[in-house]
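Colleague: Got a minute to walk me through this one? I have the sequence and the fold on screen.

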Amino acid sequence: MSLILVTGASAGLGLATAQALADGGHDVVVHARTPSRVPPGGWRGTLTGDLADLDAVKQLAREADAFGRFDAAVHNAGALHSPDAVRVNTIAPYVLTASMHRPERLIYLSSSMHRGGDTDLEGLRTGSGSYSDSKLWVTAMALALATRWPDAHVHAVDPGWVPTRMGGAGAPDDLREGHLTQVHLATAESITPRTGGYWHHLSTQRPAAAAGDSIFHEHLLAALAETTGVTLAG
């Protein structure tokens, strides 16, 4: 049994992930933006906070640590439009990761749209970056952390374009397939590759070249630290 955090668990992929983990016997702490959005269920605990608000994210990290060290964190929460896309999709996962006791497993939600993202980090600093930019940055961050922390299990997941509230009713991918990889990465005894994978429907793929560029990793982590005032541990 593992203690697992799932952000953005009020609906869609986050709720499906949290429910599958709870049904599997794990202790799940779910996050939602507001108390009214917390889903009913047999959760180990609940957390609320607006991930577009930097101070709220820092407070959320402190409240999460009160549960103890998580075995896994699934950074699922997402936003589609700027500036929240940058704040929720990239900055919030970075700040939570840097501020919380580090889980053994870290899973970040990416998107196939990361392939259209821009390596110009001015959009990160100003919040003007697009959804595609934010997903490139969080994918690169995940791969950077996999290198920085070789003892951890760090992965990025493209869940597909699925018919959630954000994806839209006409999205062509299977919603039932959208959360299975996250559950696998959070709980499986053996994962190949052990860390640093970019996943889609339980298989690894090659991400955009920039996502694996070590020089870009350095620039990205520096820009995140500068923008948030939060630095990563060694």
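**Strand 3 and the sheet**

Modeller: Start with strand 3, where the side chains alternate. G45 and L47 point to one face and are buried. T46 and T48 point to the other face and are not buried. Keep in mind that this is a predicted model.

Colleague: Which strand is joined to strand 3 by four bridges?

Modeller: Strand 2, residues 27-32, and the two run parallel. One contact to look at is V30, whose bridge partner in strand 3 is T46.

Colleague: What order do the strands of the sheet come in?

Modeller: The order is 3-2-1-4-5-6-7-8. That makes eight strands in an open sheet, with mixed pairing.

Colleague: And which strands stand at the edges?

Modeller: Strand 3 (45-48) and strand 8 (203-204). Each has a single partner strand, so one side of each is left without a neighbour in the sheet.

Colleague: Remind me, what do strands of a sheet pair through?

Modeller: Backbone hydrogen bonds, either parallel or antiparallel.

Colleague: Back to strand 2. Why is it largely enclosed by the rest of the structure?

Modeller: Because five of its six residues are buried. The cut-off for buried is under 20% relative accessible area.

Colleague: How many bridges does strand 2 make with strand 1?

Modeller: Four, in the parallel sense. The bridge partner of I4 in strand 2 is V28. For L3, the partner in strand 2 is D27.

Colleague: What about the faces of strand 1, covered or open?

Modeller: Both faces are covered. L3 and L5 are on one side, I4 and V6 on the other, and all are buried.

Colleague: Jump along the sheet. Which strand do three bridges join to strand 6?

Modeller: Strand 7, residues 197-200. Strand 6 covers residues 153-157, and the two run parallel. A156 has Y198 as its bridge partner in strand 7.

Colleague: Now S203. Where does that residue sit?

Modeller: S203 is in strand 8. S203 is partly exposed, with a relative accessible area of 40%. Its C-alpha atom is separated by 9.7 Å from that of V157, 46 residues apart along the chain.

Colleague: Change of topic. Which residues of the largest nonpolar core touch the most other members?

Modeller: Y94 and M141, in a core of 52 residues. The elements giving two or more residues to this core include strand 1 (3-6), helix 2 (54-65), helix 3 and helix 7 (214-228). Strand 5 (105-109), helix 5 (131-148) and strand 6 are also among them.

Colleague: Which element gives the largest share of this core?

Modeller: Helix 5, with ten residues. As background, nonpolar side chains tend to be buried together in soluble globular proteins.

Colleague: How many cavities of 30 Å³ or more does the count come to?

Modeller: One. About 30 Å³ of space lies in the largest cavity.

Colleague: What lines the largest cavity?

Modeller: T7, L51, H75, A77, V88, A92, P93 and L96. By class, the lining has six nonpolar, two polar and no charged residues. Helix 3 (residues 84-99) gives the largest share of the lining, four residues.

Colleague: Take A92 from that lining. Buried or exposed?

Modeller: A92 is buried, with a relative accessible area of 1%. The residue is in helix 3. A92 and V57 are 35 residues apart in sequence, but 6.3 Å apart in space, C-alpha to C-alpha.

Colleague: And A66, where is that?

Modeller: In the loop between helix 2 and strand 4 (72-75). A66 is exposed, with a relative accessible area of 70%. A66 and H101 are 35 residues apart in sequence and 10.0 Å apart in space, C-alpha to C-alpha.

Colleague: Last thing. Which feature does UniProt place at residues 1-22?

Modeller: A "signal peptide", from an unreviewed entry. In the model, residues 1-22 are 50% helix and 18% strand. The end C-alpha atoms of that span lie 10 Å apart.

Colleague: And which strand 1 residues are buried, again?

Modeller: L3, I4, L5 and V6. Check them against that UniProt span, residues 1-22, when you go back to the screen.

Methods:
Residues are numbered from 1 along each chain as its sequence is written. This is a predicted model: local features need pLDDT of at least 70, side-chain atom pairs count only at pLDDT 80 or more; totals for chains, interfaces and linings use all residues. Side-chain values use heavy atoms; hydrogens and water are left out. Two strands pair if DSSP finds at least two bridges between them. On a 1 Å grid over the protein atoms alone, a cavity is a set of points where a 1.4 Å probe fits but cannot get out, and a pocket is an open set with protein on both sides within 12 Å along at least five of seven lines; lining residues have an atom within 4 Å of a point. Grid points are joined across faces, edges and corners, and a volume is the space filled by probe spheres set on the points. Ala, Val, Leu, Ile, Met, Phe, Trp, Tyr, Cys and Pro count as nonpolar, Asp, Glu, Lys and Arg as charged, and the others, Gly among them, as polar. UniProt positions are given in the numbering used here, feature names are shortened, and annotations may be inferred rather than shown by experiment. A nonpolar core is a set of buried Ala, Val, Leu, Ile, Met, Phe, Trp, Tyr and Cys residues joined through side-chain atoms within 4.5 Å. Buried means under 20% relative accessible area, exposed over 50%, partly exposed in between (1.4 Å probe, protein chains only).
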